[in-house]
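I am opening a notebook on a structure that is new to me, and I will write down what I look up as I go along.

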Amino acid sequence: MTVSEGMSAGPVDARTVLARQDRIPSWSLPWWHLAVIGIGYFFTFFDIADIGYGMPAIAAQFKLTGSEATFVALAVGLIGYVVGSIVIGSISDRVGRYKILLVTIGITALGSFLCATATDMWTLSLWRFLTGVGVGADLNLVSTYVGELAPARQRGRISNLTFLVGILGQAVTPFVALALVPAFPFGWRLLFVVGGLIALIGLIARFQLPESPRWLALHGKPEEADAVVTRMEEIARSRGMTLPEPEPEDVSMARDAFPMRSLIARPYLGRLVLLVLMWFFWYIGNYGFLGDATTLLSGHGFAIADSILFLGVGAIGYPVGAIVMAVLADKLDRRLLILGSTCVWLIGMLLLGSLAGDTIVTIGSFLASFALGLYLQVAYTYTAELFPTRARASGFSLSDGIGHSGGVVGALLLPVVVTAGGFFLGFAGIGITGLIAGLIALFGPKTSGRRLESVSK
């Protein structure tokens, strides 16, 4: 058996294994693997949204002030998110993607079930923190993992197909909340139970996934990487793909006991700063909208059920945006796609902030959700692409994790701005911060269609 046909007969080296993987033109693992990976995304977005929809009922039962509700709804979870993303993401760069993917979704399942048992603000805060740890780390690892398995010319599309499964969680959440929260005094608890069950299903299904061959090859385990790539080649041929001869390139085998240390070298430090700023400005509006919109609409004369309904109908935009981006992701420069997404976001926020009738509010909500569906996965894909395999999860976690401090700022500041300056000013403001994120992305390098090792040189 030759190298071009499958597993090499002689000694296996990382350069050859990576070249064999990179010559495969399309997804070459079972397609249901994408759905399994997407379940993790599904829970992530379900969890991000469920607390916002449940908080009006939780605040009433626990007698929380507005600032306390915001603290529980967003700040605590985001702190856990940052901690989980940075700490567990760094660990995955050392011990592998697969094992940690099991750990992260297990933590999220446990945290969600425990949230359903909360008896006051403090116990809910503790379990929201735990859930945030799992969610932050899982979101980091899923983007990293998919990017390392997908072929270069389809990395954006494959990532978006996985994301499409997940974003349905954000589209479904308001309707689940609408059926549970207004109907039962314990409806918000059932909402957390549903989330926990989704994560538990994801945990069981993930046992069927392989380790990232790219991580294996660059961490002294070329034989194990060879076995995974050989399986990918066999599946590719069974689907009628013709595999060209591999073209090995020089790859760095350098590793550091602390992967984050690699990120202070050029060009990664500059990329890290750029991505932190991009995510910081994006998350200001992202979490302000997701966490505060229901409560703010309720405070401006809309019933809780109506507020959830406006946002729920608008949430149809999430999967629509993801489908559109799956088509565009590998056809246009990712930087331009990110900028275009933020322009749509700004329009949605201006319409939503106008409060010019139920129809306009719903259209604004749709465009905001549509923009989220467009932006998130292409930006996640772009973030993971800019770092080397030895520190990819660490680079993603720092960019996204530190960037999430913008979410805390937005969640806490939006109600203050709305109270002081009006509804339109608050939502126009978070629309502008989103556009700033898109402009910042333009300063990054081009990644579309390039091999990961080429991008990370």
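Before the entries begin, I fix one cut-off: I call a residue buried when its relative accessible area is under 20%, exposed when it is over 50%, and partly exposed in between. I also keep in mind throughout that this is a predicted model.

**Entry 1: a pair of neighbouring rings**

I looked up F280 and found a relative accessibility of 24%, so F280 counts as partly exposed. F281 comes out at 23%, and therefore F281 is partly exposed too. A search of the whole structure gave me 13 aromatic pairs. One of them joins F280 and F281 edge-to-face, with 5.6 Å from centre to centre and 85° between the planes.

**Entry 2: a pair within a helix**

How are the rings of F366 and F370 arranged? Their centres lie 6.0 Å apart and their planes meet at 10°, and because planes under 30 degrees apart count as stacked, I note this pair as stacked. Both residues belong to helix α14, which covers residues 358-385, and they sit 4 residues apart, about one turn of the helix. I then checked their cover: F366 is partly exposed at 28% relative accessibility, whereas F370, at 16%, is buried.

**Entry 3: the aromatic cluster and the core**

I next listed one aromatic cluster, which is formed by W279, W282, Y283, Y287, F289, W345, Y375, Y380 and F396. Turning to the largest nonpolar core, I found 134 residues in it, and the members that touch the most other members are M278, W279, W282, F289, Y375, L376 and Y380. Helix α2 (residues 32-62) gives the most to this core, with 18 residues. I followed Y375 further and, leaving aside residues up to four places away in sequence, found that Y375 touches M278, W279, W282, I338, S341, T342 and A437.

**Entry 4: cysteines**

How many disulfides does the structure hold? My search returned 0 disulfides. I also looked up the cover of two cysteines: C115 has a relative accessible area of 0% and is buried, while C343, at 36%, is partly exposed.

**Entry 5: helix α9**

Helix α9 runs over residues 222-238, and its 17 residues reach 24 Å from the first C-alpha to the last, close to the 24 Å expected at 1.5 Å a residue. Its buried residues are P222, A225, D226, V228, V229, T230, M232, E233, I235 and A236. These buried residues pack against α1 (14-23), α5 (121-149) and α8 (213-217). After the helix comes G240, for which I read a positive phi, near 85°.

**Entry 6: helix α1 and its link to E233**

I then looked at α1, which is mostly covered, with 9 of its 10 residues buried. Among them are the charged residues R20, D22 and R23. The buried residues of α1 pack against α5, α8, α9 and α18 (452-455). At the N-terminal end of α1, D13 acts as a cap, with a side-chain oxygen 3.1 Å from the backbone nitrogen of R15.

Is E233 buried or exposed? E233, which has its place in helix α9, shows a relative accessible area of 0%, so I count E233 as buried. The side chains of E233 and R23 are joined by a polar contact of 2.6 Å, and R23 is one of the buried residues of α1.

Key. Residues are numbered from 1 along each chain as its sequence is written. This is a predicted model: local features need pLDDT of at least 70, side-chain atom pairs count only at pLDDT 80 or more; totals for chains, interfaces and linings use all residues. Side-chain values use heavy atoms; hydrogens and water are left out. A disulfide is a pair of cysteine sulfur atoms within 2.5 Å. Buried means under 20% relative accessible area, exposed over 50%, partly exposed in between (1.4 Å probe, protein chains only). Rings of Phe, Tyr and Trp (its six-membered ring) pair if their centres lie within 6.5 Å; planes under 30 degrees apart count as stacked, over 60 as edge-to-face and the rest as tilted. Helices (H or I, at least four residues) and strands (E, at least two) are DSSP runs, numbered from the N terminus. The expected span of a helix is 1.5 Å times one less than its number of residues. Contact means heavy atoms within 4.5 Å. A nonpolar core is a set of buried Ala, Val, Leu, Ile, Met, Phe, Trp, Tyr and Cys residues joined through side-chain atoms within 4.5 Å. A polar contact is a pair of N or O atoms within 3.5 Å; within protein, one must be able to donate a hydrogen and the other to accept it, and residues adjacent in sequence count only if both atoms are side-chain atoms.
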